[in-house]
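Thank you all for coming; I would like to take a few minutes on one model, beginning with the whole chain and ending with a detail of its surface. Please have a look at it first.

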Amino acid sequence: MNDKIVEDIEQIDMSEMELPSFAIYKNPTDYPGKSVARLFEGDKPTNVVLIKKNVRELHFIFRDRTRLTFFPPLPGDSGNLVGVWM
């Protein structure tokens with residue numbers, strides 16, 4: 001599955017999704033040196049990603065422009081997972 005990279009959250013249509021969330025990763029293997037927000041539908045990843053230079057930029061987007069809540073990673077989660085906005 002090829003990723004669909006978007007520049008802004010407004011480019012993402014989540015109207016048909018029951019439980020959208022965004023997993024935030026710092027320096028993931030598929031985008032080394034970047035910070036990535038990957039859209040999930042429930043517990044399944046989609047091909048939609050938002051890429052920024054750092055995690056702070058991603059947090060600003062979700063905190064200031066959505067009604068989502070941030071949850072930090074749980075013990076045993078991937079080492080590069082920063083948390084999930086849902």
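Among contacts in the chain between residues at least 6 apart in sequence, what percentage join residues at least 24 apart? The value is 40%, and I should say at once that it, like everything else I will mention, is computed from a predicted model.

As for the secondary structure, the chain holds one helix and six strands, and, read from the N terminus on, the order of these elements is β-β-β-β-α-β-β. The radius of gyration is 12 Å, close to the 12 Å that the globule rule gives for 86 residues, so the chain is as compact as a globular protein of that length. If one prefers to think in terms of extents, the C-alpha trace spans about 30 × 25 × 25 Å along its principal axes.

Turning to burial, 36% of the 86 residues count as buried, while the accessible surface of the chain amounts to about 5,700 Å², with 53% of that belonging to carbon and sulfur atoms.

Now to the detail I promised, which concerns the surface. Leu19, Phe71 and Met86 form a nonpolar patch there, and together these residues have about 280 Å² of accessible area. Of this trio I would single out Phe71, which lies in strand E5, a strand covering residues 70–71. Phe71 has a relative accessible area of 41%, and because buried means under 20% and exposed means over 50%, it is described as partly exposed.

Note on methods:
Residues numbered from 1 in each chain as written. Predicted model: local features only at pLDDT ≥ 70, side-chain atom pairs only at ≥ 80, totals over all residues. Heavy atoms only, no water. Patch = residues over 30% accessible without salt bridge, like charges linked within 9 Å, V, L, I, M, F, W, Y side chains within 5 Å. Areas by Shrake-Rupley, 256 points an atom, 1.4 Å probe, with all protein chains shown as cover. Salt bridge = Lys/Arg side-chain N within 4 Å of Asp/Glu carboxyl O. Helix = DSSP H or I, 4+ residues; strand = E, 2+ residues; numbered from the N terminus. Buried < 20%, exposed > 50% of the residue type's maximum accessible area, 1.4 Å probe, protein only. Rg over C-alpha atoms; globule rule 2.2 N^0.38 Å. Contact = heavy atoms within 4.5 Å.
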